[in-house]
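User: I should like to go through the reasoning behind several labels applied to this protein model. Please set each value against its criterion.

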Amino acid sequence: MSAKSTEPSQKKDKAESAINKPAAYGEDIDLGKYASSAEPHTYQDDPSQLPALTKEQMLGAGVILDDTSQRSGTFIQMDNTPVHSSVLQEGIEVMAVSQALEKYDWLADYWWQAVAVDADKYTANVELNQSNGYFIRALPGYKTTMPVQACLYLSQARLTQNVHNVIIAEEGSELHIITGCAIASKDEPGLHLGVSEFYIKPGAKITFTMIHNWNPEVAVRPRTGVVVEDNGLFLSNYVLMKPVRSLQMYPSARCIGENATVRYNSILLADKGSTLDVGARALLNARGARTEIISRAITTGGNIIARGYIEGNAPDVKGHLECRGLILKEKGIIHAIPELKGNLAGIDLSHEAAVGKIAEEEVEYLMTRGLTRNEATATIVRGFLHVDIEGLPPLLAEELKRAVEASEKDVM
């Protein structure tokens with residue numbers, strides 16, 4: 001890292017100054033309604049020995065614990081306790097971030113560099129009540145043959161789960177990661193605060209797929225920052241097809257190296273009672289940087305604000321922003337807010353947004369082909385949710401497809 005980290009005491013001071021600072025977007029969450037500590041859990045050398053119901057809920061978020069042949073590493077955190085970490089491939093590191101901070105003095109130089117500790121009261125709370133998270137790193141030149149999987153699991157009701165993750169792809173390396181978030185209860189409230197910092201070094205690549213499996217009473221506040229250097233690639237896939245009460249996220253990527261590339265793909269469902277304020281932000285600060293931000297949003301009665309922001313600050317940069325929304329029930333709301341900002345000549349930025357209902361003529365056409373109305377509607381929704389993601393490894397593509405297909409009946 002070129003920038004030196006702030007001293008720990010200064011970070012604490014900045015966090016304390018922001019502990020009551022509301023976020024710029026989204027519903028304000030009263031942190032006082034949630035417990036700040038939880039009973040510790042027992043470490044599991046073999047995560048397949050976790051209770052069957054727990055494994056089933058984790059599976060709903062794309063995390064498979066009974067078959068290690070499809071994974072190059074695993075990390076599991078239950079509430080605020082890391083309960084398992086393992087690596088099955090040379091050149092890949094997976095461990096609790098607390099362990100990594102003890103092992104590597106240099107990791108302090110990355111701490112709160114991609115995300116501001118005083119961004120809002122949620123980042124401040126993570127710093128002041130640090131409760132672990134994961135550290136995943138690919139050493140120079142190493143490439144994962146199978147995805148690394150991580151699970152952040154809430155088992156205690158009315159708890160704030162504080163997570164701080166650091167992911168580093170060293171020069172010329174590749175990391176494929178799938179993270180699943182899940183909760184034990186079907187109806188108890190909970191709060192998930194997740195800070196994630198991604199660092200993609202020259203010629204490196206990170207493919208990150210996030211699948212959420214919360215409940216209708218959970219509030220979620222991810223805070224993500226990404227730094228991409230020369231010829232690096234960050235590909236993010238975000239899937240939320242299960243009910244959640246409140247979600248607000250706005251990950252921000254900085255392309256600081258020439259020909260750096262960032263792609264965001266999100267698939268979102270807002271059921272009745274859900275409020276989603278989501279988006280992505282990309283700053284193209286170096287020559288030839290590229291970005292693509294694509295979202296598919298469906299409401300069956302909930303509210304969605306879909307944001308996107310691309311800023312061009314260097315010659316020959318290119319960015320495209322696309323938001324499509326589908327309203328399946330009368331009371332759902334989708335508000336698309338695409339923004340582009342160009343600060344010099346020689347840039348190429350574009351956006352398109354469309355929000356509406358299923359066209360009746362499309363349904364009628366499929367019905368003439370022998371489908372029932374419900375089958376025709378389901379076919380259209382399935383096609384709408386399909387996002388062709390270039391460069392996605394086959395195993396992650398299958399995970400993404402399975403997560404969407406598993407939720408289709410809930411959509412209908």
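Analyst: This is a predicted model. A suitable starting point is Phe208, whose relative accessibility of 7% places the residue among the buried ones, because the limit for that label is under 20%.

User: What makes the pair of Phe198 and Phe208 edge-to-face?

Analyst: The ring centres of Phe198 and Phe208 are 4.9 Å apart, and pairing requires centres within 6.5 Å. Their planes stand at 70°, and an angle over 60 degrees counts as edge-to-face; therefore the label applies to Phe198 and Phe208. Phe198 belongs to strand β8 and Phe208 to strand β9, so the pair ties together parts ten residues apart in sequence. Phe198 is also buried, at 1% relative accessible area.

User: Why is Trp106 called partly exposed, and which label does Tyr110 receive?

Analyst: Trp106 has a relative accessible area of 29%, which falls between the limits of 20% and 50%, so the intermediate label applies. Tyr110, at 6%, is buried. The rings of Trp106 and Tyr110 form an edge-to-face pair, with centres 5.8 Å apart and planes at 70°. Ring pairs link both residues with Tyr104, Phe135 and Tyr199 into a cluster.

User: How do you know that the charged end of Arg137 sits over the ring of Tyr104?

Analyst: The distance from the charged end of Arg137 to the ring centre of Tyr104 is 5.5 Å, and the criterion asks for a position within 6 Å of the centre and within 35 degrees of the ring normal. The charged end of Arg221 likewise sits over the ring of Tyr122, 5.8 Å from its centre.

User: What makes strand β4 mostly covered?

Analyst: Five of the five residues of β4 are buried. On one side these are Tyr134, Ile136 and Ala138, and on the other Phe135 and Arg137. Strand β3 pairs with β4 in the antiparallel sense over five bridges, with Ile92 opposite Ala138. Strand β6 pairs with β4 in the parallel sense over four bridges, and Val166 is the bridge partner of Phe135.

User: Why is Cys151 in no disulfide?

Analyst: The nearest cysteine sulfur, that of Cys181, lies 7.1 Å away, whereas a disulfide requires sulfur atoms within 2.5 Å; therefore the criterion is not met. The count of disulfides is zero. Cys151 is buried, at 0% relative accessibility.

Notes:
Residues are numbered from 1 along each chain as its sequence is written. This is a predicted model: local features need pLDDT of at least 70, side-chain atom pairs count only at pLDDT 80 or more; totals for chains, interfaces and linings use all residues. Side-chain values use heavy atoms; hydrogens and water are left out. Buried means under 20% relative accessible area, exposed over 50%, partly exposed in between (1.4 Å probe, protein chains only). Helices (H or I, at least four residues) and strands (E, at least two) are DSSP runs, numbered from the N terminus. Two strands pair if DSSP finds at least two bridges between them. Rings of Phe, Tyr and Trp (its six-membered ring) pair if their centres lie within 6.5 Å; planes under 30 degrees apart count as stacked, over 60 as edge-to-face and the rest as tilted.
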